[in-house]
Amino acid sequence: MAIPGVELHHLRCYLALAEERHFTRAADRLGLSQPTVSRTIRRLEELLGYRLLERTTRQVALTASGERLYGELSALLPRLEAALLPAPDAPLFRIGFVWGFPATWPQAAIERFEAETGVAARVYRRDAALAGVDSGEVDIAILRGDVAVPGLTAVTLLHERRIAAVSVRSPLAARDEVGWRELAGMPLVLNEAGGTTEASDWPPEARPVVAARCGNFDEWLEAVAGNRGVGVVPESIGRQRVHPFISFVPIPDAPLMPLHIVFPRHGGHPLTRRFLAHARATVNQCEGGGGAGGNVPEGP
């Protein structure tokens, strides 16, 4: 007879505790807090109607019923979880980007996502404004700037500072910083494929002249390196060595740049919400907990 209310997370938690015989170690193994593990075990006992643990000592000791359940679960639960994994030829979880793939949190999020779901995640570059998420080429896209497209949802993860990209031959390369309004008097190089800066970002009375429009990030790099004008990118790009003839200069008063995960509002990949949860968690860790914005929706 089935016992209503018992779920896999109850059983996973109990199996980890029974194997570790220690609440803190079990919590660390599961990536949960110790109080969460305690609450989960108490709830499992309530649902089953019998005690699983002896609570007379500081150490974790199993009751006879707890030992029996542990013996059954240690064999059954791994088989059940293996049966629920996707087949080897199952579709990938496809992550699109246009340029400047972030160098920290996505890798950690992908690793955790793959470990939890068993589904491989792959990253694809697309030289299109929405990185293919609008055409179904990818399941989600990591995009910067203003994203407001019918049929797509954008979850803002963080806001990045902007920096100026200049040729090493430019006088700006020797500067410690440059002002946002000061840039309005300089020629601007734009990346039209997913670029994050437009001349319209400045006030109408003080906008830079567009010196070059590029079709992708590589063309943009060469135009800036060739001293055809100044580019503006998120600060994270400056942490990567993207070109030997480009220097990066802080713009302390520049408006912040939002970074989003974008996905179809309807009919998206069923694992989108799980990836979003891992993305938010890793952003909080990698970016110091101050950058994430907005709430992950309950479903894609």
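Here's a quick look at one helix and one internal cavity in a predicted model.

Residues are numbered from 1 along each chain as its sequence is written. In this predicted model, local features need pLDDT of at least 70, side-chain atom pairs count only at pLDDT 80 or more, totals for chains, interfaces and linings use all residues, and side-chain values use heavy atoms, with hydrogens and water left out.

Let's start with helix α1, residues 8–20 (helices are DSSP runs of H or I, at least four residues; strands are E, at least two; both numbered from the N terminus). Its 13 residues should span 18 Å at 1.5 Å a residue, and the end C-alpha atoms are 18 Å apart, so the two agree; the expected span is 1.5 Å times one less than the number of residues. His10, Leu11, Cys13, Tyr14, Leu15, Ala16, Leu17 and Ala18 are its buried residues (under 20% relative accessible area with a 1.4 Å probe, protein chains only). Among the elements covering them are α2, α3 and α4, along with β1 and β2. Right after α1 comes arginine 21, with a positive phi near 55°.

Now the cavity (points on a 1 Å grid over the protein atoms alone where a 1.4 Å probe fits but cannot get out; lining residues have an atom within 4 Å of a point). The count is 1 cavity of 30 Å³ or more. The lining includes Trp99, Phe217 and Trp220, and β8 gives the largest share, 3 residues.

| Element with at least two lining residues | Residues |
|---|---|
| β8 | 188–191 |
| α7 | 217–225 |
| β10 | 231–234 |

The lining divides into 7 nonpolar, 4 polar and no charged residues (nonpolar: Ala, Val, Leu, Ile, Met, Phe, Trp, Tyr, Cys and Pro; charged: Asp, Glu, Lys and Arg; polar: the others, Gly among them).

Note on methods. Buried means under 20% relative accessible area, exposed over 50%, partly exposed in between (1.4 Å probe, protein chains only). Contact means heavy atoms within 4.5 Å. On a 1 Å grid over the protein atoms alone, a cavity is a set of points where a 1.4 Å probe fits but cannot get out, and a pocket is an open set with protein on both sides within 12 Å along at least five of seven lines; lining residues have an atom within 4 Å of a point. Grid points are joined across faces, edges and corners, and a volume is the space filled by probe spheres set on the points.
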